[in-house]
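Biologist: Can you take me through how the chains meet in this one? Keep it plain.
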Protein chains: 2
Amino acid sequence: MITYDISKRGKRSKYEYLYRCIREDIRMGTLPGGYRLPSKRVLAEHLRVSVSTVEHAYDLLVSEGYMQARPGSGFFVCTNRDQGVLERSAETAADREPEHTLDINANRCSLKLFPVDIWVRIMRRTLSERNPVLFEAVPFNGLLVLREAIAGYLYESKGMRVSPDCIVVGAGTEYLYGRLLRLFGSRAMLAIGEICPKKLVRASQNYGAQWDYIPMDEEGFQIDYLEGSPASVVHVSPANQFPIGTVMSQQRRDELLGWAHAKPRRFIIEDDYDSELRYAERALPPLFTQDDSACVIYMNTFSKTLVPSLRISYMVLPEALMDLYREQVGFYSCSVSSFEQCALAEFIAGGYLERHINRLRRYHGHQRDVMLAALEASPLMEIGSIDSVDVGTHLLLRVSTTLSDREIGEAAAKRGMRLDTLADYSVRHTVETAHYVVVNFASVEEEQIPTVVDLLVDIFSDDIRRQRKKRL
Amino acid sequence: MITYDISKRGKRSKYEYLYRCIREDIRMGTLPGGYRLPSKRVLAEHLRVSVSTVEHAYDLLVSEGYMQARPGSGFFVCTNRDQGVLERSAETAADREPEHTLDINANRCSLKLFPVDIWVRIMRRTLSERNPVLFEAVPFNGLLVLREAIAGYLYESKGMRVSPDCIVVGAGTEYLYGRLLRLFGSRAMLAIGEICPKKLVRASQNYGAQWDYIPMDEEGFQIDYLEGSPASVVHVSPANQFPIGTVMSQQRRDELLGWAHAKPRRFIIEDDYDSELRYAERALPPLFTQDDSACVIYMNTFSKTLVPSLRISYMVLPEALMDLYREQVGFYSCSVSSFEQCALAEFIAGGYLERHINRLRRYHGHQRDVMLAALEASPLMEIGSIDSVDVGTHLLLRVSTTLSDREIGEAAAKRGMRLDTLADYSVRHTVETAHYVVVNFASVEEEQIPTVVDLLVDIFSDDIRRQRKKRL
C-alpha cells in the first residue's frame, strides 16, 4: 500500500503533506493512471492519521483533477487523458480555448488604443541612432534612462519622491515578486486579503512563500486580524483591492503603517495595479508617500496602463532593502529587452504615457457607462444589483441565483463566453462571495455589450422567471 | 554567544549549515557590522562541532566578504561599506565600473552588426497592421508563430525535429532555468562540469538547487564520476563547454545518454549556447537528436546570436516533461513582450536570422584571426601559449606567471581593462586552472586589439623579463 512518513511533514498540516506526497507520485507516474487508491479508512489506519485527514487530501486531489471518485468503487488516479481534459477546463483555459467568441474575464485590455505610430517612431529613432545606452551592459535593475523616466512619472502623477537607484524593472509583476521573495527568506510568511489575485498567491507559493489570509470589510483589511497573524509582510492594494475595488480608509492606512513600524523587518507591498483607471473622486496618495519608516515596497506595471503585449513592471524598494536586493539577487540579468526599455523611457519622458492613460481612462469610462446602462436596463436587476467598482476595467454583478459559481461559469462557456465569478478570486468560499459575476468591459467592443448582457440574462433566465412568479 | 541548532541542518553538511545561519544573521543585521565573532575554538565547543567545521564556515564567509579576519584580533562582521567594496570588485563590477575603457570579459557581443533597418521595418509592419496575434492572450510558452519559426530554424540549421508545442520561450536562460528547476523538485541534485558558467550555478542555487561538480578532460565530462554522483540531472554543452570550448566526443555522448537511460527520471540539459559561432570543422549534431528516450532538454538563446539587448531564450522539452511543465508552472505568464516575439518570428521565418548569424560568424572570425596574430607576435608567447577555442567569442591565453589570478584581475583593472581568468569560472581552484586569461574578441573594436595585447604584455612584464634573464 502507498506509504508516507507523516512525521516528515515539517510545518505543513498532515492533510497538506499527504496531498503533496500523493500528487508527486501521480505526477511522476509512480501511481499510474487507473490505479485504485486505498479507501480513506484503510489509508488512515495505515498511516495512523484521522480519516478526515485522508478525506481532505483526497478531496483536494479530486478537485484538482489528479484523482477521480467513482461512486461505489472508490478513488482512482486519473489517466493522462482525464487530466488533460481537466487541465483544459482549469487554469490554461485562456490558452487553449480560442473558440470563445466573448471573453469578459477580468484581466485583459484593448490593444487598439495603443499609439502604434508614436511607438514605432520612437523605436526607429532609438535603434537607428544606435542610442549609446543600447551598447552598455544593462544593470540588473533596468536601464538608468528608464528608471529616471519612471521616477519622474511617479513624482508628477502620484507625488512620490523616488531615487532611480531604488527602482527595479522586470518582466512582469510575477517575475519581480519571485525576486522579492528571496529577500524575505524561505521562512517568511506573507498576508493578503481573503479575496485576492489567486494567481499571484499560486505563483509565489511556487517559490516557497507561505500565505495567511486576512478578512476584509468596506474599509479594507481588518488590521486586528493582521495583528494576530504570524505574517511579517503584507500585500495590499490600498487604492483598489483587486478585484472588489475596496479603497482603504485613511484610518486603516494609519493602522497598517503602525503595524509595520511596530516591529523590525515588517514590510508592506503596495500593489498599485490599475490605480490609474479611476472614474470617481481623486485617490488618496499611495501608502508609499505616507510612510516615513521605509517599510513600503511600491509595485506597478505597464501591462495595464500601456499595452499588455509589453511585459514591463517595476517596483520601488526602501533604500536598505535595495542594498539587500542588490547583494542577494543583483547578479540576475535584467529580464526586459533594452530596446523596449529605451523606447518606453522616451515614451514616458515625452509625455506620451500620460496622454495615453488619459485616453484609456476616457475610453474605459465610456465602455463602463454603456455596460452599466445596459445592465441596469436589463431583467438582471430583478434578481441582482451592481456593485460599483470605481477603479479598473470591471464591474461586479451580484445575483440571487440557484446556480453555483461553477455552474455559472459552465453556463457561460456553453454560450461561448468566458466568465469569472468572485469565487475565482476568493481563498475561502463564503456566502459573501458566492454569487458575484465579474463583468469586464475592457475586452469587448461597445457594440458587443448588448450581446454580453443578453447572454447573462439567458444564463440566469430560470432565476428571473422564478423571481417573477414569486412576485405574482 | 551566537547559537544555532546544528541538528536542524537537514541534509546539509554542518559547515554549510553554520555558514548559512551566520550569513543570514549578517544579512538581516542581527549580527551588525563590526561585530566580533567568537573564536573558532570557542564557537566549536559551544555548538559541539569540530573546529574544522567552524573554520570552513568562517573561511567561506571571509571569502564572500561577509566577515573579515584581522590577524591577532579575530573575526569581525564587515560593515556595509566593506561589503559594498567587496561587492563592487566581484559580480556587480560590470554594472558599477563604467570607467573601464576596455572590457574583454567573456560575455558581451557587438550591437553594431544588428540589422536595425530590417528589424524596424518588421516591427512597424507588425504593429501597424495590428497583427491579430497581438490581440490574443500570449500562451505561457510563447506565441505560436514564434515557436513555429524556432522549430523551422532548428530543423534547417541543426536537423532537430521539434514540435512547436514542446518549445518554451522566456526572458533569458536564467529565467527558463528557474522554471525548469521547479519540475525536478527541491530535492533534486544537478551535475555540471567543474569549469562552468558560475553565474548559472549561483542563480539556480538561489532556487534551492544543489550542484555536484564533475571533472572534465579533453573529451568532455568524465562519465565514471557522474555514475558515482547522486545527481539525476546534468547540465552540459557538448558542442562547446563554456568557457574552455571542449567538444564532447561521440563516445562520451553515448556514455552520457546511456547514463540517462539507465534510470528513470534522469535528464540531460543540453545548453547549446554559442554553438552557432564555430570557426573549425562542422559540429556534431546536438545531443537532442541522438536521444531516443526523451531525456534531453535543449536550451539556447537569441542574446548571443542576434543581439544581447533582446532577452529571448528558449528550450525544447521532451513531451512528457512538457506536460508536467504545463501543469506545474504553466500558470506563469510568458515573460517576453509579444511585440518582440512577433518581430522575431518574422525575422527568423524571413531568413534574416540565418543571414545575420553568417555575418556575425565572419565578423567574429576576422576579429579572432587579428587577435590571434597579435598575441602570437607578442612577447607573451615567451611565457605562454594560446588554447584555441573553436567556438564562441574568446580565446584562452595560458601564462606562466608569479601573479595570482586575483592579482591578474587587479593589474588589469588598474590599467582600465576588465579581465576574467579561468579561475572565475572554476568551482575548484586547482593548478590546472590557475593561469588562463580569457581573451574576448567580441567587445573590442579591431583597432583596439593592439592596445589590449600591449596591456597584457604590460601586466606580465615582470614574468617576461624574468623568463628572458633565465634564458641568458
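Biologist: How many residues of chain B are in contact with chain A?
Modeller: In this predicted model, 59 residues of chain B are in contact with 61 residues of chain A, contact being heavy atoms within 4.5 Å.
Biologist: And how much area do chain B and chain A bury between them?
Modeller: About 5,900 Å², with 53% of it on carbon and sulfur atoms. Buried area is the accessible area (1.4 Å probe) that two parts lose on being put together, summed over both.
Biologist: Which residues in chain B lose the most area to chain A?
Modeller: E327(B), F331(B) and F339(B), which together make up 12% of what that side buries.
Biologist: How many salt bridges does the rule find across the interface of chain B and chain A?
Modeller: Zero, taking a salt bridge as a side-chain nitrogen of Lys or Arg within 4 Å of a carboxyl oxygen of Asp or Glu.
Biologist: What classes of residue has the side of chain B that touches chain A?
Modeller: That side has 28 nonpolar, 10 polar and 21 charged residues. Gly is counted as polar.
Biologist: Different topic. What rotation superposes chain B on chain A?
Modeller: One of 180°, with 0.1 Å of shift along its axis and an RMSD of 0.4 Å; the fit is by least squares on C-alpha atoms of residues with pLDDT of at least 70 in both. The two copies are therefore related as by a two-fold rotation axis. The same surface serves both, as 98% of the contact residues of chain B recur in chain A.
Biologist: How are residues numbered?
Modeller: From 1 along each chain as its sequence is written, and chains are lettered from A in the order in which they are written. Local features need pLDDT of at least 70, side-chain atom pairs count only at pLDDT 80 or more, totals for chains, interfaces and linings use all residues, and side-chain values use heavy atoms, leaving out hydrogens and water.
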